[in-house]
Amino acid sequence: ARPEVKPKEEEEFQRFSLMFRIQHIVLSTSCILLMITGIPLRFPNTGWAAVFFKLTGGVAASGFMHRIGAVGLIGVGVFHMIYITMMRDGRHNFRELIPRLHDVKDVFKNVWYFLGRSKAGAAFGRFSYIEKFDYWAVYWGMVVMITTGLMLWFQDITMSILPKFFIDVAHEAHSDEGLLATLAIIIWHFYNVHFSPDHFPMSWTWWTGKISKEKM
């Protein structure tokens, strides 16, 4: 009998450091908790929200869990600012994530490819325009969500400084941006890194930090 030939393991490269991955895990965990607890709070009078509140211990319990997610989001946001300014790995990744003219060209190259007018799509550097969009969308979302969330969390302090009108605006902005962020994560981000044919059921780079030679 012929000896069994083991398949040759595909060569892999380190794409993300442990520090990078830990930040992503904290961010994703916080966001998922915020989405799960925040959407029912936005639609409290629906039947499915009532079931959720019954299972989780009520509106007050959901609000408490929502604040736990908020603490995680604020914490990783503060740490990330230290990471991109004080750590070499962070500064390098931040520079690579700054949008440039070639990203605009890549969009048009890919559209041309998707329309069948070109044999190949754009060739990306360390981060594609899709990943850059994800990154900067989080920046915008965190500024809005953290600012308005703190205003709502500490309403007495906010109203001692600002008119009630600002609380109303903060509530609407927090609610609408939260829904927008949820849809963006589920429709845009989850598809690109989990559900697309190239990655299904998911890309494990977020956990291992490694990328295959073929993918790179």
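The questions and answers below concern a predicted model of a protein chain.

Q: How many helices and strands are in the protein chain?
A: Helices (H or I, at least four residues) and strands (E, at least two) are DSSP runs, numbered from the N terminus. From that end, the elements run β-α-α-α-α-α-α-α-α-α-β. The chain has nine helices and two strands.

Q: What radius of gyration does the protein chain have?
A: This radius is taken over C-alpha atoms, and the globule rule is 2.2 Å times the number of residues to the power 0.38. By that rule a compact globule of 216 residues would come near 17 Å. The C-alpha trace spans about 75 × 50 × 40 Å along its principal axes. The protein chain has a radius of gyration of 21 Å.

Q: Which elements give two or more residues to the largest nonpolar core?
A: A nonpolar core is a set of buried (under 20% relative accessible area, 1.4 Å probe, protein chains only) Ala, Val, Leu, Ile, Met, Phe, Trp, Tyr and Cys residues joined through side-chain atoms within 4.5 Å. The largest has eight residues: Phe16, Phe20, Tyr83, Ile84, Leu97, Phe127, Tyr135 and Tyr139. The elements giving two or more are α3 (59-86) and α6 (129-153).

Q: Which residues does Phe20 touch, not counting residues up to four places away in sequence?
A: Contact means heavy atoms within 4.5 Å. Phe20 belongs to the largest nonpolar core, as does Tyr83. With residues up to four places away in sequence not counted, Phe20 touches Tyr83 and Asn93.

How values were computed
Residues numbered from 1 in each chain as written. Predicted model: local features only at pLDDT ≥ 70, side-chain atom pairs only at ≥ 80, totals over all residues. Heavy atoms only, no water. Buried < 20%, exposed > 50% of the residue type's maximum accessible area, 1.4 Å probe, protein only.
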